[in-house]
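Welcome to the tour! Please open your viewer, keep the selection tool handy, and follow along one stop at a time.

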Amino acid sequence: MAWLFVCTFLKGGIKIKFEITKKQQEFINSTADEVLFGGAAGGGKSYAQLIDSFLYAMKYPKSKQLILRRTLPELEKSLIRVSLGLFDISVYRYNAAKHTGSFANGSIIDFGYCDRENDVYKYQSAEYDVIRFDELTHFTEDMYIYLMSRIRGVNSYPKQIKSSTNPGGVGHSWVKARFIDRCAGEVYSDANGTRQFIPAKVSDNSFLMKNDRQYINRLNRLSEKDRRALLYGDWDIFDGQYFSEFRRSIHVVKPFAVPRHWKKYFTMDYGLDMLAGYFIAVDTQGRAYVYKEIYKPNLIISAAAKEILAAGETDISIYYAPPDLYNRRQDTGKSVAEIFAEHGILLAKAENDRVQGWYNLKEWLMPFKDEAGNTTANLVIFENCHNLIRTLPGLTFDRNNPNDVSSTPHELTHAPDALRYFVAGRPSPAVAAKAEDEENSYDRQIEKFIEY
């Protein structure tokens, strides 16, 4: 569906019309401190940036904006070229030598680039009301954080960073962590301000769908990785990813009531830096459902045990833990496992063959077709287990051992390690509920009494 923006310039009564999509309007209207418009190729992201910058410049006289690409050729072949055909020359002039666009009301747009890491210092003395990153994943997080400091000024105009991008690139991981994992579909707020991620797919761009019907066919010819990123806007795949089997659409499910006869397990990775613990139910077919998460740092052993017990899960068959928890501590002469036992949690020592463990987990995650023809996997995760969903697809190959997972960044390894101990424990499936159990259930007895 197309939307029509009509901008009226007060001096002279000039009217300028722009047609935009609903997603582009959502990006333009966003008031979050940091906004990311991203996802699939062809979503109209760069166009939305330019329209938004034009409307801002016209609304706020003498405002200053910076639009960035990583390199000058990218800047000239995309944003600058499109802006020259888009912005009305009655109110806008472009200075090619300075890479600056000027408006009749005194507003300016600087078109900039940061080819090298230290190019950000070219803007050390500058101040802007809005900074716009086109293809944000081409920038490093340090570049982004530094340029945030250039947003300043004594006027009362709205101050924002508005970015657009596709998945992939050198900045994929930090952009995903900053926006996609935290604020998809909602405005995320913390002590540093507000952020919003506005996902966009090629199908959201009605203009492209109408005028270039073969575009999707061309994207479908790409490799699976590129197709998932550019056609579907899939942020859970990137170069160097270890668990390329992971699909959010397959492996993340909405929570449901776990049947009472399913077999339940608990698995954890524990250290003072993090307790990553997961409650997992296994059905009669041997499929595992990760249904509850504990993810807390700075817990001493007794506090960690109390946290696990406080989850209220009393019918756990086995508590899996890594072998290092059985090492005796010099200060007490006891192992971590012994202290857990003193608090009522008897741990089972899991195998710690890293490579074999990761291979096993890959098998559990491998998508397949079930009897009904639906694509599923032998291990899926309830969507409330945020940290497992965030970290598992973020793991990369170890540079020195391509069969292993990289141990850096360490923060990403806690939850997946816990999952590795679970699959290494060879959990057994649940026993099917007996017909007589259902026959003798309390509810059935009440029904028989009423019938009688």
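At what angle do helix α1 and helix α2 pack? To find out, select residues 22-29 for α1 and residues 45-59 for α2. The two helices meet at an angle of about 45 degrees, and their axes lie 10 Å apart. That angle makes α1 oblique to α2. Keep in mind as you look that this is a predicted model.

Now turn the view a little and follow how one helix passes the other: the crossing of α1 with α2 is right-handed.

Next, show the side chains where these helices touch. On the α1 side, pick Gln24, Phe27 and Ile28. Their partners in α2 are Tyr47, Ala48, Gln49, Ile51, Asp52 and Leu55. If you colour this contact by residue type, you will get 6 nonpolar, 2 polar and 1 charged.

Stay with α2 for one more stop and select Met58, which belongs to this helix. Is Met58 buried or exposed? Its relative accessible area is 10%, so Met58 is buried, the cut-off being under 20%. Now add Phe103 to your selection. Along the sequence, Met58 and Phe103 are 45 residues apart, yet their C-alpha atoms are 7.6 Å apart in space.

That pair leads nicely to the whole chain, so zoom out. Among contacts between residues at least 6 apart in sequence, 66% join residues at least 24 apart. A cartoon view lets you look for the 16 helices and 20 strands of the chain. The chain has 452 residues, and 49% of them count as buried.

For the next stop, select residues 414-424, which form helix α14. How many of its residues are buried? The count is 11 of 11, and the helix is mostly covered. Among the buried residues you can click through are His414, Asp417, Arg420, Tyr421 and Phe422. Then step past the end of α14 to Arg426, where phi is positive, near 50 degrees.

The last stop is about cysteines. Select Cys114: at 0% relative accessibility, this residue counts as buried. Do the same for Cys385, which is also counted as buried, with 0% relative accessibility. How many disulfides does a search of the whole structure find? The search returns 0. As a reminder, a disulfide is a covalent bond between the sulfur atoms of two cysteines.

Definitions and conventions
Residues are numbered from 1 along each chain as its sequence is written. This is a predicted model: local features need pLDDT of at least 70, side-chain atom pairs count only at pLDDT 80 or more; totals for chains, interfaces and linings use all residues. Side-chain values use heavy atoms; hydrogens and water are left out. Axes are lines fitted to C-alpha atoms, for helices over the stretch in contact, and angles run from 0 to 180 degrees between N-to-C directions. Helices (H or I, at least four residues) and strands (E, at least two) are DSSP runs, numbered from the N terminus. Angles under 35 degrees count as roughly parallel, over 145 as roughly antiparallel, 65 to 115 as roughly perpendicular and the rest as oblique. A crossing is left-handed if the near helix is turned anticlockwise from the far one by less than a right angle, and right-handed if clockwise. Contact means heavy atoms within 4.5 Å. Ala, Val, Leu, Ile, Met, Phe, Trp, Tyr, Cys and Pro count as nonpolar, Asp, Glu, Lys and Arg as charged, and the others, Gly among them, as polar. Buried means under 20% relative accessible area, exposed over 50%, partly exposed in between (1.4 Å probe, protein chains only). A disulfide is a pair of cysteine sulfur atoms within 2.5 Å.
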